[in-house]
Each structure stands twice: as C-alpha cells, then as structure tokens.
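Let's take a walk through a protein together. Keep the viewer open and turn the model around as you read.

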Amino acid sequence: MTQLSEFHRDRVRAVLKASPIVPVITIDDLDDAVPLCQALVVGGLKVLEITLRTGYGIKAIEQVRAAIPQVWVGAGTVTSIAQYRQVEAAGAQFVITPGVTEAMLEFGLTSEAPLLPGISTISEMMVGYNLGYREFKFFPAEVAGGIAALRAFGGPFPDVTFCPTGGIRQQTAGDYLALPNVGAVGGTWLTPEDVVAGKDWGAVTTIARESLAGL
Ligand code: 3PG
C-alpha cells in the first residue's frame with residue numbers, strides 16, 4: 001500500500017509549527033479577503049485557512065496567496081477530490097477536510113498541497129494512520145471529547161499530533177495547546193461575523209494579537 005511520504009509529512013508539520021493558532025476564515029464578500037487576512041497577519045498569525053463555505057473561497061485563496069506571499073495559505077472545508085484539485089490550482093499550500101473518505105486520504109498521499117485530514121474518532125484516525133498520516137485535525141473538538149479525548153488519544157498514539165477545531169475560543173486555546181499532542185488549534189473566534197461585516201480590520205488584528213499573547 002502506498003504510504004504518505006516524508007516530504008508530505010514534513011510540509012504538514014511545517015504548517016502546524018508555523019503558527020499555534022489557525023484562523024478558520026469564511027469569505028462572504030470577496031473584497032474582504034485580502035484586508036481581512038492582512039489584519040490577521042498584522043496581528044501575528046502566519047497560517048490562514050480559507051474555507052469553501054461560500055462561493056468565494058477559491059478566488060479568495062488565489063487573491064490572498066498573491067497579496068500575502070509570506071504566510072501559509074490553505075483551503076478548509078474541502079469535501080471532494082474535485083474541490084481538492086480546484087484549491088490546488090488556486091495556489092492553496094495545504095488542505096484541511098472536516099472528515100475523511102478513503103479516496104481523499106489516498107489522493108492526499110501524492111497531492112501537490114499536503115492534507116490535514118479531519119477525524120473525530122480513533123477509528124477514523126487509524127484509517128489515515130495506516131496510510132502514514134500522523135497529523136490530523138480533530139473536529140468538532142469540543143463535542144467529540146475535547147481535551148479529555150486528546151489526552152486519551154495520546155496513550156495508544158503518542159506519535160500523532162492534532163489540530164483541534166470546533167468550539168475552541170480565545171479563553172480555551174491555551175489549555176489545548178498545553179497538551180503534548182496538540183500542534184496548533186483552529187477556530188472562527190478570530191473573525192467574528194459582526195466584526196467582519198463591519199469591516200473593522202483593526203478589531204480583527206486586536207483579537208489575533210490578544211489570542212497569541214494569551215497563550
Ligand atoms: C472548523 O471548521 O474548524 C470549525 O467550524 C471551527 O469551529 P468554531 O466555529 O467553533 O471555531
């Protein structure tokens with residue numbers, strides 16, 4: 001069975017090492033993409049996950065990659081191989097999925113952009129583990145057992161690193177990051193809907209800065 005190469009693993013690890021916090025970004029107005037991401041970067045974040053939850057995701061990835069080349073720009077909420085191909089073509093440097101299918105795990109073995117597969121149980125994780133994956137998104141983290149689950153996962157699988165997302169907030173990010181098997185945490189708390197709708201980029205920078213300072 002083909003296994004994930006060291007090259008792919010190293011690239012996923014590099015993303016998780018680059019920033020302890022990964023903002024999960026949804027673009028409702030394409031004009032917001034660059035200023036919103038710039039505001040997060042000014043606040044100190046170095047990894048951006050732009051989701052495909054709206055029709056602007058792919059264009060936003062393209063624009064942000066061109067405008068802010070010094071940070072990692074990836075795609076989130078990728079749920080099919082067709083989307084995987086589209087985000088790669090748009091320049092996504094990594095791909096995050098909320099869950100896994102075997103076909104996507106296999107596609108990620110040789111894809112241009114490395115895959116951070118989403119799992120919520122050990123059984124799902126083991127499907128990826130057997131293909132060589134050692135880094136996973138844990139989603140939805142709070143609902144699927146949160147810190148206690150991650151601590152338990154570390155018993156049988158001490159060599160696996162997680163990026164929990166789903167229900168994590170500024171106040172709890174540090175508790176997750178204190179676990180030895182958590183590489184980074186993700187969430188939407190960095191981009192509150194009302195703040196983004198009001199285009200208050202200064203407030204976005206402040207949230208990012210305070211979130212990092214509070215770790
Ligand atoms: C994700 O896809 O990672 C989650 O939607 C983030 O969850 P949150 O909105 O609770 O941060």
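Is C163 buried or exposed? C163 counts as buried, because its relative accessibility is 3%. Buried here means under 20% relative accessible area, exposed means over 50%, and partly exposed is anything in between, all worked out with a 1.4 Å probe and protein chains only.

Before going further, a word on what you're looking at: this is a predicted model, where local features need pLDDT of at least 70, side-chain atom pairs count only at pLDDT 80 or more, and totals for chains, interfaces and linings use all residues. Residues are numbered from 1 along each chain as its sequence is written, and side-chain values use heavy atoms, with hydrogens and water left out.

Back to the cysteines. A disulfide is a covalent bond between the sulfur atoms of two cysteines. To be called one here, a pair of cysteine sulfur atoms has to sit within 2.5 Å. How many disulfides does the structure hold? The count is 0. Take C37: the closest cysteine sulfur belongs to C163 and is 16 Å away, which is too far for a bond. C163 is in no disulfide either, with the sulfur of C37 as its nearest cysteine sulfur. C37 is buried too, because its relative accessibility is 0%.

Now zoom out to the whole chain. You can find 10 helices and 9 strands in it; these are DSSP runs numbered from the N terminus, with helices being H or I runs of at least four residues and strands being E runs of at least two. The chain has a radius of gyration of 16 Å, close to the 17 Å that the globule rule gives for 215 residues, so the chain is as compact as a globular protein of that length. (That radius is taken over C-alpha atoms, and the rule is 2.2 Å times the number of residues to the power 0.38.) If you lay the C-alpha trace along its principal axes, it spans about 45 × 35 × 25 Å.

What about the inside and the outside? Buried residues account for 52% of the 215 residues. The chain exposes about 9100 Å², and carbon and sulfur atoms supply 55% of that; the areas come from the Shrake-Rupley method with a 1.4 Å probe, and for residues only the protein chains shown count as cover. There's also plenty of folding back: among contacts between residues at least 6 apart in sequence, 61% join residues at least 24 apart. A contact means heavy atoms within 4.5 Å.

Next, pick out helix 5, which covers residues 102-110. Which of its residues are buried? They are M104, L105, F107, G108 and L109. The buried residues of this helix pack against helix 1 (6-18), helix 4 (81-89), strand 5 (115-116) and helix 6 (122-129).

From helix 4, follow the chain into the loop that leads to strand 4 (95-96), and you'll meet Q93. Leaving aside its neighbours within four places in sequence, Q93 is in contact with R65, V71, W72, V73, G74, A113 and P114. Q93 and Y56 are 37 residues apart in sequence, and their C-alpha atoms are 17 Å apart in space.

A few spots in the backbone deserve a look. F139 and P140 are joined by a cis peptide bond, with omega about -10°, and P140 lies in the loop between strand 7 (135-138) and helix 7. T77, in the loop between strand 3 (72-76) and helix 4, has a phi near 55°, a positive value in a residue other than glycine. T77 is buried, with a relative accessible area of 19%. K199 also has a positive phi without being glycine, near 50°, and lies in the loop between helix 9 (193-197) and helix 10 (201-213). K199 counts as partly exposed, because its relative accessibility is 40%.

Let's finish around helix 7 (residues 146-153), where A148 is found. A148 counts as exposed at 53% relative accessibility, and its C-alpha atom is separated from that of E88 by 35 Å. G155 is found in the loop between helix 7 and strand 8 (161-164). Is G155 buried or exposed? At 55% relative accessibility, G155 counts as exposed.
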